[in-house]
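Student: I have a model open and keep meeting words such as "buried" and "oblique". Could you show me how such labels are earned?

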Amino acid sequence: MIRAGSKLPERLLTPGPRISGRALTRCRDHELVTVLAPPPPTAAVPVAPRLSAPPRLDERIRRLPVAPTAGVLGALAALVTWLGSWNPSYWGDEAATVLSAQRPLHTLFAELARVDAVHGLYYLGMHFWIRVFGASELSTRVPSALAIGAVVAGTVVLGTRLADVRFGLLAGVICAVLPRTSFLATEARSYAIGTAIAVWIMVYFVGLWRRRELRRRPWVVLGVLIAAASYLFLYLVLLAVVQGAILLVSERGRSMRWRWAQSLAVTAVCAAPIVLLAYAERHQVAFLAKRGYANLKNVLIDQWFGMPGITIACWALILLGVGAFVARRRARSTVPLLDRRRSDREVLLLGAAWLVLPTALLLLGNLASPMYNTRYMSYCTPAAALLVAFGVVALTRIVVRAAANRRMRVSAIAVLSVAVIAIAALAAPDYVKDRGPFAKDGGSDLRQTADHLAAQAKPGDAVVFDETVKPSRRPEMAYRLYPQQFAALSVPELVTPYYRRAHIWDRMAPLASIRSELDSAPSVWAVELPTGTDVPADIRDLTAHGYRVVSTHLVNRLEVFQLQKDGL
């Protein structure tokens, strides 16, 4: 029997682990008998100095919860990019969206069987959106602005997974201010939504990559996600190639290559129907061969950036980030921002693969068949934001180190803030330009033309449209996009309305076949797209048959002629 206060026999005691510097001793035969040995003498530890304001701020940012941070920044980005998005008039591609979404569902499916199958899922969604919220620019561009919020939030999460929440926040802010991002919010097209889907697919992929996922099911899910995304925008299938390249090059990805191959097979099988349908409708983009879009200006400037200032700054930061990474491979930075070498490598690897590979593949394919357009590469914008953010971090490291060498104290947070503000200031002219009244397609003025006719035309007047221009610039789109402004006018050229055809546009009669219907109209209004100094063909035809020009009005790109029959 062991009495309280008595010493335990040595044979019953066994040495245990140390807790907080104290040796823990256990008794073999007793459940709850411990002896804390006195701690060994230790050297006095100096008390850490009180953190100054910048380190405290850095710690607060480091501890920000990822989901709320991403959500708040995404909501702000959606609001800011949506503001003013309703100012520009619709243009040809947006007209295709509105007309396709407004038609009855059975004729929509008939249309998609002939053209625009690659946009079918988007048109279907917009069909129900327009039924609820209407077809104004204010309404139809809201989904794109909301998608931009998802893009920015996804970029924050992606940057956090690759490095930490500070880098994710920096990348998200830069993504929000890039000109391509703010432009996408003003387009009633599927590109913003496709970009949002792309960034969240990459978030899911990085989760698999970082934890070295070897189970089959998560990779099958990845394949299904990419295939499903291709039904919204076909070129999202190239994300599978980007992911394969990352796994091929990275150390972490070696064990997952077979799983990626299985994921790729799932994508190929599930996306095959839309790929085959797009190939059957390839004539629809044959016009790209005549546009010469595949040039250095489009690839390096317009694709993600914009005006010279922001373009030069962003590319300089990207090159600085790559150069600094190469230069410091054997030296650790003293700046506590993205200091881990693996994070550096993975940010650069993912950003470069995502930015370069889809563009390179499309440019190569463009040599065989027309398929390149700057808007088609919009879904790579988050990759540009990651690389620019990495360059900002590299610049911060250089500035802080240079200041330390001169015995000066510079806050890393201050340097980052100045860099971000400078990028936003350089991007501001693009933001303003994209929200001007004639910002679309080099000066689209369909709404302003419709407003002019509504103000000037009288009941019983007739209107004819220039049919000699390419479909995306035909003036007759004003009649369909803004029908209320044409309420007082007759349109004798209209033969078959678009919603009764398996095609996007109306079928119009030639002017020569409707002259008799124009005779009863007090005035004939001709909406023309001028080409140089030549008199439009419609005006020559009408004046040759007894009409005289009463007035002309140049809106911006379109010119409106008022004609009356001699003797009226």
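Tutor: Gladly! Buried means under 20% relative accessible area, and this is a predicted model.

Student: Which residues of helix H20 are buried?

Tutor: In H20 (residues 446–456), Leu446, Arg447, Gln448, Thr449, Ala450, His452 and Leu453 are buried, so each has under 20% relative accessible area. Their cover includes helices H6 (137–140) and H21 (477–481), along with strands S4 (462–465), S7 (524–528), S8 (547–554) and S9 (559–565).

Student: Why are H7 and H18 called oblique to each other?

Tutor: The axes of H7 (residues 142–162) and H18 (residues 381–405) cross at roughly 50° and come within 10 Å. Angles under 35 degrees count as roughly parallel and 65 to 115 as roughly perpendicular; the crossing falls in neither range, and H7 and H18 are therefore oblique. The crossing is also right-handed.

Student: What makes up the contact of H7 with H18, by class?

Tutor: On the H7 side are Val151, Thr155, Leu158, Gly159 and Leu162, which meet Pro382, Ala385 and Leu386 of H18. By class, six are nonpolar, two polar and none charged. Gly counts as polar, so Gly159 belongs with the polar residues.

Student: Which residues touch the most other members of the largest nonpolar core?

Tutor: Leu158, Trp209, Leu350, Trp354 and Tyr379, out of 93 residues. Helix H10 (residues 191–210) gives the largest share of this core, twelve residues. A second, separate core has 40 residues, including Ala188, Leu446, Tyr498 and Leu558.

Terms used: Residues are numbered from 1 along each chain as its sequence is written. This is a predicted model: local features need pLDDT of at least 70, side-chain atom pairs count only at pLDDT 80 or more; totals for chains, interfaces and linings use all residues. Side-chain values use heavy atoms; hydrogens and water are left out. Axes are lines fitted to C-alpha atoms, for helices over the stretch in contact, and angles run from 0 to 180 degrees between N-to-C directions. Helices (H or I, at least four residues) and strands (E, at least two) are DSSP runs, numbered from the N terminus. Angles under 35 degrees count as roughly parallel, over 145 as roughly antiparallel, 65 to 115 as roughly perpendicular and the rest as oblique. A crossing is left-handed if the near helix is turned anticlockwise from the far one by less than a right angle, and right-handed if clockwise. Contact means heavy atoms within 4.5 Å. A nonpolar core is a set of buried Ala, Val, Leu, Ile, Met, Phe, Trp, Tyr and Cys residues joined through side-chain atoms within 4.5 Å. Buried means under 20% relative accessible area, exposed over 50%, partly exposed in between (1.4 Å probe, protein chains only).
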